[in-house]
Amino acid sequence: MIAFVQGQVAALSTGTAVVEVGGVGLALQCTPTTLAALRLGEPARLATSLVVREDSLTLYGFADEDERATFELLQNASGVGPRLAQAMLGVHSPDALRLAVATGDEKALMAVPGIGKRGAQKLLLEYKDKLGAPHGSVPAQKPLAAGPAPWSEQLQAALVGLGYAPREAEDAVAAVTPEAEIQSSPDIGALLKAALRTLNRTR
């Protein structure tokens, strides 16, 4: 119904971006990586997917068409709703998810909050013939765009946006601080991946 929205970013908060279109502010649910690429007051174009429920209409926003299409395909598996599909895309790029399914990588799916070992095994079977092959080279982690906020605040916001408790996020940030401090310009994407590894070890 709504393929994309384009306009000025009117507000940003954890998990949500408000884009002004024709004088109307549209609230879009976005992953931390998508939100990190947006700037308040600047123009943006986001691919969208409208999820209709009896009591709500929720608009999800994505960096590109591939993310949107993958989001919709992910929900074809039993037990996977829009929130879990979005969480998967918050941790992995579409190609990284396709590669995980193609190679049977349980741990990659278990890095997503809310997916355990059994769930990962089940999803690998269900997605086997649905997601397709990776389109190209797969980065280790989608990079988060650098912004004015300190790297630690960006990283903690990203982890909370993925469903971790604030205390868990704080501990994960502390665990990767030594790695960040030796970098002249911290790579938020790499630090997010390292933080997720520490969180998985403590589960």
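Of the 203 residues in this chain, 42% count as buried. The model is a predicted one. Its secondary structure comes to nine helices and five strands. Read from the N terminus, the elements run β-β-β-α-β-β-α-α-α-α-α-α-α-α. The radius of gyration is 17 Å, close to the 17 Å that the globule rule gives for 203 residues, so the chain is as compact as a globular protein of that length. Along the principal axes, the C-alpha atoms fill a box of roughly 45 × 40 × 35 Å. Now look at the contacts with a separation of 6 or more. Residues 24 or more positions apart account for 55% of them.

Start with the strands. Strand S1 covers residues 4-13, and strand S2 covers residues 16-21. The two run antiparallel and are joined by five bridges. Here Leu 12 stands opposite Ala 17 of S2. S1 and S2 form a hairpin, with two residues between them. In that turn, Gly 15 has a positive phi of about 85°.

S2 also pairs with strand S3, residues 24-29. Six bridges join S2 and S3, and again the strands run antiparallel. Ala 17 stands opposite Leu 28 in S3. So far, then, Ala 17 has appeared opposite Leu 12 and opposite Leu 28. The hairpin of S2 and S3 has two residues between the strands. Gly 22 takes a positive phi near 60° there. One general point helps when viewing these strands. In a regular strand, the side chains alternate between the two faces of the sheet.

Next come the helices. An unreviewed UniProt entry lists residues 72-91 and 107-126 under "domain: Helix-hairpin-helix DNA-binding motif class". Take residues 72-91 to begin with. This stretch is 65% helix and 0% strand, and its end C-alpha atoms are 16 Å apart. Residues 107-126 are 70% helix and 0% strand. The end C-alpha atoms of residues 107-126 are also 16 Å apart.

Helix H3 spans residues 82-91. Is H3 mostly covered or mostly open? It is mostly covered, with nine of its ten residues buried. Among the buried ones are Pro 82, Leu 84, Gln 86, Met 88 and Val 91.

Just past H3 sits His 92, in the loop between H3 and helix H4 (94-103). Why does His 92 count as buried? Its relative accessible area is 13%, and buried means under 20%. A polar atom of the His 92 side chain lies 2.6 Å from the backbone oxygen of Ala 108.

Finally, turn to the nonpolar cores. The largest has 43 residues. Which of them touch the most other members? They are Met 88, Tyr 127, Leu 155 and Leu 159. Helix H9, residues 188-201, gives the most to this core, with seven residues. Apart from this core lies another, of eleven residues. Its members include Val 5, Ala 17, Val 19 and Leu 46.

Return to Tyr 127 for a closer look. Leave aside its neighbours within four places in sequence. Tyr 127 is then in contact with Leu 73, Leu 74, Ala 77, Val 80, Met 88 and Val 101. Met 88 is buried in H3, and Met 88 is also among the residues of the largest core that touch the most other members. Ala 17, by contrast, belongs to the core of eleven residues.

Key: Residues are numbered from 1 along each chain as its sequence is written. This is a predicted model: local features need pLDDT of at least 70, side-chain atom pairs count only at pLDDT 80 or more; totals for chains, interfaces and linings use all residues. Side-chain values use heavy atoms; hydrogens and water are left out. UniProt positions are given in the numbering used here, feature names are shortened, and annotations may be inferred rather than shown by experiment. Helices (H or I, at least four residues) and strands (E, at least two) are DSSP runs, numbered from the N terminus. Buried means under 20% relative accessible area, exposed over 50%, partly exposed in between (1.4 Å probe, protein chains only). Two strands pair if DSSP finds at least two bridges between them. A polar contact is a pair of N or O atoms within 3.5 Å; within protein, one must be able to donate a hydrogen and the other to accept it, and residues adjacent in sequence count only if both atoms are side-chain atoms. A nonpolar core is a set of buried Ala, Val, Leu, Ile, Met, Phe, Trp, Tyr and Cys residues joined through side-chain atoms within 4.5 Å. Contact means heavy atoms within 4.5 Å. The radius of gyration is taken over C-alpha atoms; the globule rule is 2.2 Å times the number of residues to the power 0.38.
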